[in-house]
Amino acid sequence: MSAIRLLVGTRKGAFILTSDGKRRTWKVDGPLFGGWEIYHLKGSPVDPDRIYASQSSGWFGQLIQRSSDGGKTWEAAGNKFAYDGAAGTHQWYDGTAHPWEFKRVWHLEPSLTDPQIVYAGAEDAALFRSTDGAQTWQELSGLRRHGSGPRWQPGAGGMCLHTVLLDPSDPRRIFIAISAAGAFRTDDGGETWRPINHGLRSEHIPDPTAEVGHCVHRIALHPSRPRVLFMQKHWDVMRSDDAGESWREVSGNLPSDFGFPIEVHAHEPETIYVVPIKSDSEHYPPEGKLRVYRSRTGGGEWEALTQGLPQQDCYVNVLRDAMAVDRLDSCGVYFGTTGGQVYASADAGDTWTAIVHDLPAVVSVEAQTLS
Amino acid sequence: MIRVVLPEHLRTLARIGGEVRLAVGGEATQRSVLDALEDSYPVLRGTVRDQATRRRRAFVRFFACGQDLSHEAPDAPLPAAVAAGTEPFLIVGAIAGG
């Protein structure tokens, strides 16, 4: 009998939502780490009971928590994130050089093959790796030092490395994304990196087609086809068919191509999901209607998914890590909102129900498919 | 023994019920007390002082004997009553944000 476990990070703690494979009734556990910001939790693909969580607060800084029993009990792991060597500088909002300063971990990405290996995407932007179950962390500093680092600048939410995609066909290839620097790729396990932003166009930077400076909000791939990438940029939904060497816009008929999350159906590599948001200064859905948009053509042609979602007076946001899919035969899709709702669809987005209505603002949602 | 009172979130994190009592070698200063605290409760590393700079985190304050000691030098002696254990050293989360 299969089951689904959702790992939900919020502004005031973590919640674990569980259901059987029917996904009709849910059990809500939490808050865990009440009062702390939980930017992200994620389980190991090879040992789902090994879960890592990023716990932080404006008062007491960054902690990493680790569970080995599916979230029942937790232990604090290592929280020393030291930049490798001289930290260097990046651009500040006023154009001056600003020293790199560690603030928090936005995203944790466990290895596809080893539950003791986990990656952490940090603000100020850097990628860290642990090979001992998050006890100690080492920066993969080739990313920060590859050359364009001094030209990176923070987006409105900070200069965060928020997306880490591991290529299941090539353990040496990793994609990452940084706001507001862009997407980057390594082909040698993190030693060397280069920007992969050709084809992106961002009007908010002096040279709209610059090598770096693009506010990439999230990227996603389907494990069966890791050279095909999908991107929700600040504005524009983009697609690459060559592992990021070039991008083309696939916003098509979306009501707005601004948004944060983008996700791929578990079994249909050309079926993707976004949540259009009205604009970068109005972080809520167009027309007060919360609509997930699905494309079955890998972008370009989009359909609104509205059944079960509020279609009037809805002014929540859906943040970049707050959407996930499960791997059951009928693909489940989940997302959380800044209004504290977590919505679930057991039919690939055709119909939706709210699992919970009133959590703290949801920052992240991950789905674990358990057997 | 030096008495230290932690804010609730750090007591929860360190699984401490009440006050902490610490044996501090040498003179009682902010640095020596915090070093002893972190040695006894490694999970607190980085929560009161920044891991890299070892400076007090901006929204953490140090009070004792009715005084705000937050801006005192890390190696300045703490009040005699704290050193003697008759008054606690208070680590406080500042009132800021939500």
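Start in chain A by selecting strands 26, 27, 28 and 29: they form an open sheet of 4 strands in the order 26-27-28-29, with antiparallel pairing. Now colour the two outer strands. Strand 26 (323–325) and strand 29 (353–356) of chain A stand at the edges, and each has a single partner strand, so one side of each is left without a neighbour in the sheet. Look along the sheet as well: neighbouring strands are turned by 25° against each other on average, direction ignored. Keep in mind throughout the tour that this is a predicted model.

Next, zoom in on the middle of that sheet. Strand 27 (residues 333–336) and strand 28 (residues 342–345) of chain A run antiparallel and are joined by 4 bridges. To see one of the pairs, pick A:Gly336, whose bridge partner in strand 28 of chain A is A:Val342.

Stay here and select A:Tyr334. Which residues does A:Tyr334 contact, leaving aside its neighbours within four places in sequence? Show A:Leu6, A:Met323, A:Ala324, A:Val342, A:Tyr343, A:Ala344, A:Val365 and A:Ala367, and you have the set.

From there, widen the selection to the largest nonpolar core, which has 131 residues. A:Tyr334 and A:Val342 are among those with the most contacts inside this core, along with A:Val8, A:Ile176, A:Ile219, A:Met231 and A:Val365. As background, nonpolar side chains tend to be buried together in soluble globular proteins.

Now move to where the chains meet. The contact takes 11 residues from chain A and 13 residues from chain B. On the side of chain B that touches chain A, select helix 1 (residues 8–14) of chain B, which gives the most, with 3 residues. Colour that side by residue type and you will find 6 nonpolar, 6 polar and 1 charged. For the complex, the predictor gives an ipTM of 0.92 and a pTM of 0.96.

Finish in chain B, where the average pLDDT is 94 and 97% of the residues score at least 70. Select strand 3 (residues 60–64) of chain B together with strand 5 (residues 89–93) of chain B: the two run antiparallel, joined by 4 bridges. Here B:Arg61 stands opposite B:Val92 in strand 5 of chain B.

Then add strand 4 (residues 67–68) of chain B, which pairs with strand 3 of chain B in the antiparallel sense over 2 bridges. Click on B:Phe63 to find its bridge partner in strand 4 of chain B, B:Asp68. The hairpin of strands 3 and 4 of chain B has 2 residues between the strands, and in this hairpin B:Cys65 takes a positive phi near 55°.

How values were computed. Residues numbered from 1 in each chain as written. Chains lettered and ligands numbered in written order. Predicted model: local features only at pLDDT ≥ 70, side-chain atom pairs only at ≥ 80, totals over all residues. Pairing = 2+ DSSP bridges. Axes fitted to C-alpha atoms, helices over the stretch in contact; angles between N-to-C directions. Contact = placed C-beta atoms within 7 Å. Nonpolar A, V, L, I, M, F, W, Y, C, P; charged D, E, K, R; others polar. pLDDT = per-residue confidence, 0-100. Core = buried A, V, L, I, M, F, W, Y, C linked by C-beta atoms within 7 Å. Buried ≥ 20, exposed ≤ 12 C-beta atoms within 10 Å, placed from the backbone.
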